[in-house]
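Please read the sequence and the structure side by side, and keep both in view while the paragraphs below move from single residues to the chain as a whole.

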Amino acid sequence: NYADVAHLPTVIVVLVFYNEGWGPLMRTVHTVIEQTPPELLAHIVLVDDNSSRSHLHEKLDKYIEDNWGPKGLVRLFRNARREGLIRARINGAKHSMDLNGDVLVYLDAHCEPQPNWLPPLIAPIAEDRRMSTVPFIDSISGSDYTFSAQGGGDKNGHARGAWDWSMMWKRMPL
C-alpha cells in the first residue's frame with residue numbers, strides 16, 4: 001500500500017534532451033508533476049544536451065521562469081557542447097548535488113508516467129539505500145497513441161532484473 005508515502009525518500013527527476021519536440025518535453029514535465037505525490041518530488045532537472053532547435057532556448061527559459069520561477073521545482077541546465085546521453089545524465093547528477101532530494105530518478109524526456117508510478121519504484125530504496133530499481137516501460141504507438149504493456153513478469157505483472165558484469169539488464173524469474 002503506497003497511500004502513506006511519508007516514509008519514502010524524496011526524488012529529483014532528471015530529464016536529458018537533445019532537440020526534443022516541445023509537446024513531448026512539456027507533456028513529460030507536466031505529467032511527472034501531476035502523477036507524482038508532491039511530497040516526494042523535490043525537483044525536476046532538465047539537461048539540454050546542446051540543442052539547436054529554437055524553441056528549446058529563449059522560449060523554454062521563459063516558460064520555466066513563468067511557471068516555476070528561477071529557483072523553483074523545475075530547473076534547466078545546458079551543456080556547452082554535445083555530450084551524449086550518459087555524460088548528460090552525469091551532468092544532471094552533478095547539478096542535482098546542490099538541490100534537496102534523496103534519490104535521482106532518470107526518465108526519458110518523452111515519456112508519460114502513470115498514476116502511482118513513483119512509490120513502488122522507490123520503496124525498495126527506502127528499505128535499503130544500496131538498492132537500484134528500474135521501471136517497466138510500456139510503449140506508446142506513434143501512429144495511434146495506444147499503450148502496449150511491456151512483456152515480462154509473472155501473472156500479476158511482478159518481475160525483477162539484474163545487471164550482468166557487462167552492465168546489460170536482464171529479466172530474472174521471481
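Asparagine 116 counts as partly exposed, because its relative accessibility is 43%, a value that lies between the 20% under which a residue is called buried and the 50% over which it is called exposed. In this predicted model, asparagine 116 sits in the loop between β4 (103-108) and α4 (118-127), and its phi is positive, at about 65 degrees, although the residue is not a glycine. Most residues other than glycine have a negative phi.

A second asparagine can be read in a similar manner. Asparagine 50 also has a positive phi without being a glycine, with a value near 65 degrees, and it belongs to the loop between β2 (41-48) and α2 (58-68). With a relative accessibility of 34%, asparagine 50 is classed as partly exposed.

The loop between β2 and α2 also holds histidine 55. Is histidine 55 buried or exposed? Its relative accessibility is 19%, and histidine 55 therefore counts as buried, since the cut-off for that class is under 20%. Once neighbours within four places in sequence are set aside, the contacts of histidine 55 are with Glu20, Gly21, Trp22 and Leu60. For one of these partners, glutamate 20, the separation along the chain is 35 residues, while the C-alpha atoms of glutamate 20 and histidine 55 are 9.4 Å apart.

Leu60 leads on to the helix α2, where the buried residues are Leu60, Ile64 and Trp68. These three cover an arc of only 35 degrees around the axis, which means that they lie on the same side of α2. The spacing fits the general geometry of such an element: an α-helix has 3.6 residues a turn, so residues three or four places apart point the same way. Turned away from this buried side is a face of α2 that carries the exposed residues Glu58, Lys62 and Asp66. What do the buried residues of α2 pack against? Their partners are β1 (11-17), α1 (22-35), β2 and β3 (74-78). Just after α2 comes glycine 69, which takes a positive phi of about 75 degrees.

Further along the sequence, threonine 146 is placed in the loop between β5 (139-140) and β6 (147-148), and a relative accessible area of 39% makes threonine 146 partly exposed. Threonine 146 and proline 9 are 137 residues apart along the chain, and their C-alpha atoms are separated by 32 Å.

These local views can now be set within the whole chain. It contains 4 helices and 8 strands, which follow one another along the sequence in the pattern β-α-β-α-β-α-β-α-β-β-β-β. For 174 residues, a compact globule would be expected to have a radius of gyration near 16 Å, and the 17 Å of the chain agrees with this. Taken along the principal axes, the C-alpha atoms fill a box of roughly 50 × 40 × 35 Å. Among the contacts with a separation of 6 or more, 69% are made by residues 24 or more positions apart.

As for the surface, 34% of the 174 residues count as buried, and the accessible surface of the chain comes to about 10,900 Å², of which 52% belongs to carbon and sulfur atoms. The chain has 18 positive and 21 negative side chains, with the centres of the two sets lying 6 Å apart.

Terms used: Residues are numbered from 1 along each chain as its sequence is written. This is a predicted model: local features need pLDDT of at least 70, side-chain atom pairs count only at pLDDT 80 or more; totals for chains, interfaces and linings use all residues. Side-chain values use heavy atoms; hydrogens and water are left out. Helices (H or I, at least four residues) and strands (E, at least two) are DSSP runs, numbered from the N terminus. The radius of gyration is taken over C-alpha atoms; the globule rule is 2.2 Å times the number of residues to the power 0.38. Buried means under 20% relative accessible area, exposed over 50%, partly exposed in between (1.4 Å probe, protein chains only). Contact means heavy atoms within 4.5 Å. Accessible areas come from the Shrake-Rupley method with a 1.4 Å probe; for residues, only the protein chains shown count as cover. Lys and Arg count as positive and Asp and Glu as negative; His and the chain ends are not counted. The place of a charge is taken as NZ of Lys, CZ of Arg, CG of Asp or CD of Glu. The arc is that of the directions from the helix axis to the C-beta atoms.
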